[in-house]
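Me: I've just opened this one and I'm new to it. Can you walk me through it?

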4 protein chains.
Amino acid sequence: MVRVTVWGENVHEREEPAVRAIYPDGMHSAIAAGLSQSLGERVRVRTATLEQHEHGLTEDVLDDTDVLTWWGHGAHDQVSDEVVARVHQAVLSGMGLLVLHSGHYSKIFKTLLGTPCDLRWRNAGERELVWTVDPSHPIAAGVPNPIVIDAQEMYGEPFAIPRPDELIFISSFAGGEVFRGGCTWVRGAGRIFYFSPGDQEYPVYHHPDVQRVLANAVLWAAPRLRSAPAGSPESPVGWWT
Amino acid sequence: MVRVTVWGENVHEREEPAVRAIYPDGMHSAIAAGLSQSLGERVRVRTATLEQHEHGLTEDVLDDTDVLTWWGHGAHDQVSDEVVARVHQAVLSGMGLLVLHSGHYSKIFKTLLGTPCDLRWRNAGERELVWTVDPSHPIAAGVPNPIVIDAQEMYGEPFAIPRPDELIFISSFAGGEVFRGGCTWVRGAGRIFYFSPGDQEYPVYHHPDVQRVLANAVLWAAPRLRSAPAGSPESPVGWWT
Amino acid sequence: MVRVTVWGENVHEREEPAVRAIYPDGMHSAIAAGLSQSLGERVRVRTATLEQHEHGLTEDVLDDTDVLTWWGHGAHDQVSDEVVARVHQAVLSGMGLLVLHSGHYSKIFKTLLGTPCDLRWRNAGERELVWTVDPSHPIAAGVPNPIVIDAQEMYGEPFAIPRPDELIFISSFAGGEVFRGGCTWVRGAGRIFYFSPGDQEYPVYHHPDVQRVLANAVLWAAPRLRSAPAGSPESPVGWWT
Amino acid sequence: MVRVTVWGENVHEREEPAVRAIYPDGMHSAIAAGLSQSLGERVRVRTATLEQHEHGLTEDVLDDTDVLTWWGHGAHDQVSDEVVARVHQAVLSGMGLLVLHSGHYSKIFKTLLGTPCDLRWRNAGERELVWTVDPSHPIAAGVPNPIVIDAQEMYGEPFAIPRPDELIFISSFAGGEVFRGGCTWVRGAGRIFYFSPGDQEYPVYHHPDVQRVLANAVLWAAPRLRSAPAGSPESPVGWWT
């Protein structure tokens with residue numbers, strides 16, 4: 001059983017009626033519900049949000065989390081550096097991390113990747129097509145090619161990230177732009193998946209194909225190994241004999 | 001000075017008046033002229049075609065070639081296995097190779113990559129946008145983002161290639177498809193660049209931005225080192241002391 | 001349950017008493033026994049050898065194989081091109097492939113990688129240390145760092161392979177050489193793992209840590225997806241709507 | 001002409017007579033002299049050190065630097081976060097960076113890579129062999145295989161770094177360990193090369209082969225493009241037409 005924590009900024013949903021109409025219980029609740037519905041007893045899902053004590057991401061919670069999903073947008077700088085360092089450490093030790101949409105600008109994503117993660121954008125409710133370029137990857141299992149999302153914010157290249165270890169999905173938009181919207185990296189023992197669909201103004205997390213991608217990604221990112229990073233140990237000669 | 005050999009199948013141009021109208025001296029001549037014009041005295045360009053003796057790719061020609069460009073389409077199976085093996089060996093020894101458009105199905109490309117190189121396609125004269133995803137790569141230098149090609153054949157994912165070492169360009173098409181249209185690999189000492197624009201029915205090789213990409217790629221693929229592969233040599237103990 | 005076929009050239013064992021003393025039933029039998037013992041009911045293991053009809057790798061056998069392991073040495077050129085093409089197709093369609101030791105020079109490995117796969121070697125019964133560089137990779141699970149192999153043939157860099165998708169193990173030898181002895185690649189839907197320990201003159205496949213690596217690799221390479229490659233299909237406009 | 005700034009911590013050299021005996025003018029001066037001697041008029045080399053105002057790395061200096069080399073050890077935490085952020089920004093904008101030996105634990109290296117960069121070590125004056133695994137890479141041009149360094153500190157795997165874009169050198173040590181001692185990454189427009197030989201207690205930077213590697217790396221890392229990162233710009237529909 002994979003223990004999932006769905007983290008949500010939970011600001012738009014409380015402040016903007018249009019967003020609340022789409023996600024009455026918050027985006028995090030919709031994401032969590034999609035995972036629970038897709039994966040049933042294979043997961044145990046809980047949520048955590050910015051306004052909670054330590055943003056809901058205490059040591060105890062992270063110790064009890066196999067995969068963390070991260071959605072944030074307008075309040076990235078309200079996330080405390082201490083919690084970011086804690087999440088960073090958890091990923092290096094083997095916790096999986098799914099970074100969603102505008103989470104590209106989160107502190108944790110930029111810390112893990114070392115780059116600014118800039119991109120082009122336009123919010124015009126455009127049709128997004130999510131094409132699979134790596135059909136045998138487990139994250140793409142059972143996903144139509146392409147996924148058709150009727151209305152989304154456009155994210156376009158160049159996307160200022162390090163070369164992904166794996167490129168799984170590339171999106172196109174009605175306006176003609178393209179975006180590497182499904183990428184993986186390994187950092188330490190942790191597996192990271194970035195997935196770009198998911199603006200707060202559109203019901204993307206209710207889309208069954210998007211839910212399927214996230215469910216696949218949770219299973220993929222679940223840790224094979226949890227390890228405490230060791231620092232740089234001094235080794236005596238021939239210790240391995 | 002980089003010694004370039006532009007190889008062309010030269011079948012469509014001779015058999016189809018519509019193609020000949022676009023490329024009266026053959027596609028290879030247009031590609032060669034673009035390189036000469038872009039690079040001037042930095043290159044010495046010649047051409048070779050299928051119908052020539054040994055397809056114009058004798059040992060002497062390859063020994064005198066730093067970068068080979070390859071365009072073929074309907075006559076891939078008329079290229080002799082012996083010449084393919086010779087080109088393969090030259091690439092491994094350090095010769096650069098630019099594979100163009102329908103060259104994705106050439107024997108030499110499939111031999112180097114080990115995969116079928118299948119893709120989706122549609123010839124409907126669609127607008128292609130070629131987006132740069134790696135703006136600091138030398139092959140993208142001075143190239144607008146995107147390159148706009150008014151009419152082209154669509155090539156779409158999934159493209160059955162090994163993971164590229166570098167992904168430089170991604171195309172979108174008016175119909176919504178995407179394609180990893182600018183990729184590099186290293187095989188042995190040789191650098192390989194695949195670039196997808198270039199169907200024979202459209203004047204793509206007269207497009208100044210496409211010419212710029214090919215000129216950049218020639219400079220990038222020029223060998224740093226020409227080496228004779230060594231087989232697997234037996235090494236005495238401590239030979240390096 | 002993973003269906004494994006262990007392929008062995010089975011020449012040294014029959015012709016050389018010293019090898020037969022180490023592997024009385026052939027190297028393939030020892031490899032198969034190690035997998036069965038390590039994985040129990042998670043696998044069903046059979047063997048196939050060069051001298052059998054179609055080298056024991058008929059269409060029916062490959063259709064019934066999830067992961068194929070390949071050991072060959074002196075008789076690579078006796079493997080028929082037809083069988084190589086069949087195995088190639090099976091890998092592209094999703095069958096996992098483990099290439100062992102001197103299998104680096106097999107037709108199937110060179111066909112999949114597109115490079116000569118040359119290396120340096122010396123058969124002096126040297127101590128080999130197999131170091132894990134990617135400790136969270138499932139193939140390294142439960143493996144000591146390093147694995148100590150008291151006597152082995154030396155394989156040394158440069159190893160003429162394409163850049164691996166993942167580098168898991170690097171070996172050092174008493175003589176001072178190093179070798180990328182544990183590498184993965186994906187080709188089509190198939191996962192490939194190369195593992196260098198395993199010369200016929202030493203009891204490497206009886207080593208419990210080597211057996212553990214091979215067992216891990218079988219589970220890793222088992223196909224997520226079996227797919228028939230599709231050729232390059234023509235796509236009508238808007239087919240995805 | 002490539003403008004190089006050689007940065008040195010310059011602490012050991014001032015405090016430890018044994019180190020000063022090897023590097024009487026500081027390690028940075030020896031590294032700078034090696035580059036000037038190897039590259040002549042192709043470079044203009046200056047040095048900067050920790051104790052200088054802003055560690056000698058003011059905005060003006062970085063604006064006038066194409067490639068920065070970084071050696072530090074005991075005083076990593078004395079480097080100000082402001083200077084680290086400035087160097088980070090310069091790398092993303094295209095400045096090349098060579099990180100040397102114990103610089104693996106520098107703030108700038110960890111910031112760019114996002115991982116702890118831990119390793120194993122032992123200071124026993126062991127022979128290090130630096131093997132080239134990518135002989136056609138320009139950083140390996142003219143370098144013997146292996147480079148023999150008579151006495152060095154041992155650095156061993158696992159090295160807690162992201163998967164390198166390119167792996168050029170692997171070292172072995174007399175004690176049997178291995179280390180990915182020559183790796184490259186691209187971050188933004190900047191090229192990064194890590195090279196592990198170079199402990200302060202041994203005259204490694206006087207070694208002609210090490211000097212050759214560093215000279216090659218300076219030429220390789222020199223920026224193709226200097227660009228100001230753009231933030232995430234909003235794009236109107238059809239802006240590219």
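Me: Is Ile170(B) buried or exposed?
Reply: Ile170(B) is buried, as 29 other C-beta atoms lie within 10 Å. Buried means 20 or more other C-beta atoms within 10 Å of the residue's own, with C-beta atoms placed from the backbone.

Me: Which strand is Ile170(B) in?
Reply: Ile170(B) is in β7 of chain B, residues 166-173. Strands are DSSP runs of E, at least two residues, and helices are runs of H or I, at least four; both are numbered from the N terminus.

Me: What is Ile170(B) in contact with, beyond its neighbours within four places in sequence?
Reply: In chain A, Glu157(A), Ile170(A) and Val178(A). In chain B, the list includes Trp131(B), Val133(B) and Phe179(B). Contact means C-beta atoms, placed from the backbone, within 7 Å.

Me: And how are Ile170(B) and Pro197(B) separated?
Reply: Their C-alpha atoms are 11 Å apart, and the two residues are 27 apart along the chain.

Me: Hang on, what kind of model is this?
Reply: This is a predicted model: local features need pLDDT of at least 70, side-chain atom pairs need 80 or more, and totals for chains, interfaces and linings use all residues. Residues are numbered from 1 along each chain as its sequence is written, while chains are lettered from A and ligands numbered from 1 in the order written.

Me: What are the scores?
Reply: The ipTM is 0.96 and the pTM is 0.97. Chain A averages a pLDDT of 96, with 98% of residues scoring at least 70. pLDDT is the predictor's confidence in each residue, from 0 to 100.

Me: New topic. How many residues do chains D and A put into their contact?
Reply: Chain D gives 35 residues and chain A gives 35 residues. On the chain D side, α6 (107-113), β5 (120-132) and β8 (178-187) each give two or more. β5(D) gives the most, with four residues.

Me: What sort of residues are on that chain D side?
Reply: There are 17 nonpolar, eleven polar and seven charged. Here Ala, Val, Leu, Ile, Met, Phe, Trp, Tyr, Cys and Pro are nonpolar, Asp, Glu, Lys and Arg are charged, and the others, Gly among them, are polar.

Me: How does chain D lie on chain A?
Reply: A turn of 180° and a shift of 0.0 Å along the axis lays chain D on chain A with an RMSD of 0.0 Å. The two copies are thus related as by a two-fold rotation axis. The superposition is by least squares on C-alpha atoms of residues with pLDDT of at least 70 in both.

Me: Which residue of chain D comes closest to the rotation axis?
Reply: Gly114(D), at 2.8 Å for its C-alpha.

Terms used. Two residues are in contact if their C-beta atoms, placed from the backbone, lie within 7 Å. A residue is buried if 20 or more other C-beta atoms lie within 10 Å of its own, exposed if 12 or fewer, and partly exposed in between; C-beta atoms are placed from the backbone.
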